[in-house]
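Good morning, colleagues. Please take a moment to look at the sequence and the model on the screen before I begin.

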Amino acid sequence: MTAWGMIVAVLLSCAALLALARMVRGPAVLDRIVAAEALLSLTVAAIGTEAALHRHATTLPILVVISLLGFVGSVAVVRFGAGEEA
């Protein structure tokens, strides 16, 4: 692994730990949901970084599926939140 790969891995790991801490501590449900979305985005970034470093595209379908799950999850949360306020 190159030096850039190590730097990116450390930064993504620190961001994932911070998102995980926010997900555990809360204090509101919305904070936990946003932290889960951030953790999902960090997962996509980590897989994309690994694919770029090793110069292969075999993980591309996984990235598409994870991104679609994140989008559908975000839309569901917004619909649930909007229905709760109305």
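The buried residues of helix H2 are Ala35, Leu42 and Ala51. I should say at once that this is a predicted model. H2 itself runs over residues 29-54. What covers its buried residues includes helix H1, residues 3-25.

Let us take Leu42 as the example from H2. Is Leu42 buried or exposed? Its relative accessibility is 18%, and because buried means under 20%, Leu42 counts as buried. Which residues does Leu42 touch, once its neighbours within four places in sequence are left aside? They are Leu12, Ala15, Ala16 and Ala19. Two of these names, Leu12 and Ala19, return when we list the buried residues of H1.

That list for H1 consists of Gly5, Leu12 and Ala19. The cover over them includes H2, just as the cover over the buried residues of H2 includes H1. Leu42 may also be placed relative to Arg79: the two are 37 residues apart in sequence, and their C-alpha atoms are 24 Å apart in space.

I turn now to the dimensions of these two helices. H2 has 26 residues and extends 38 Å from its first C-alpha to its last, close to the 38 Å expected at 1.5 Å a residue. H1 has 23 residues and reaches 33 Å on the same basis, close to the 33 Å expected.

What follows each helix? After H1 comes Gly26, with a positive phi near 80 degrees. After H2 comes Arg55, whose phi is also positive, near 55 degrees. Arg55 has this positive value although it is not a glycine. Arg55 lies in the loop between H2 and H3, and with a relative accessible area of 78% it is exposed.

The loop between H2 and helix H3, residues 60-85, also holds Thr59. Where Arg55 is exposed, Thr59 is buried, with a relative accessible area of 14%. What does Thr59 contact, apart from its neighbours within four places in sequence? The answer is Ile47, Glu50 and Ala51. Ala51, we may recall, is one of the buried residues of H2.

Let me now step back to the whole chain. The protein has three helices and zero strands, and from the N terminus on its elements run α-α-α. Why is it described as more spread out than a compact globule? Its radius of gyration is 15 Å, well over the 12 Å that the globule rule gives for 86 residues, so the protein is more spread out than such a globule. Along its principal axes, the C-alpha trace spans about 50 × 30 × 10 Å.

How much of the chain is buried? Buried residues make up 13% of the 86 residues. The protein exposes about 6400 Å², and carbon and sulfur atoms supply 75% of that area.

As for contacts, among those with a separation of 6 or more, 36% are accounted for by residues 24 or more positions apart. Finally, the charges: there are 5 positive and 5 negative side chains, and the centres of the two sets lie 6 Å apart.

To close, I would ask you to keep two places in view. One is Leu42, buried in H2 and in contact with residues including Leu12 and Ala19. The other is the loop between H2 and H3, where Thr59 is found and where Arg55 has its place. Thank you for your attention.

Key
Residues numbered from 1 in each chain as written. Predicted model: local features only at pLDDT ≥ 70, side-chain atom pairs only at ≥ 80, totals over all residues. Heavy atoms only, no water. Helix = DSSP H or I, 4+ residues; strand = E, 2+ residues; numbered from the N terminus. Rg over C-alpha atoms; globule rule 2.2 N^0.38 Å. Buried < 20%, exposed > 50% of the residue type's maximum accessible area, 1.4 Å probe, protein only. Contact = heavy atoms within 4.5 Å. Areas by Shrake-Rupley, 256 points an atom, 1.4 Å probe, with all protein chains shown as cover. Lys, Arg positive; Asp, Glu negative; His and termini not counted. Charge placed at Lys NZ, Arg CZ, Asp CG, Glu CD. Expected span 1.5 Å × (residues − 1).
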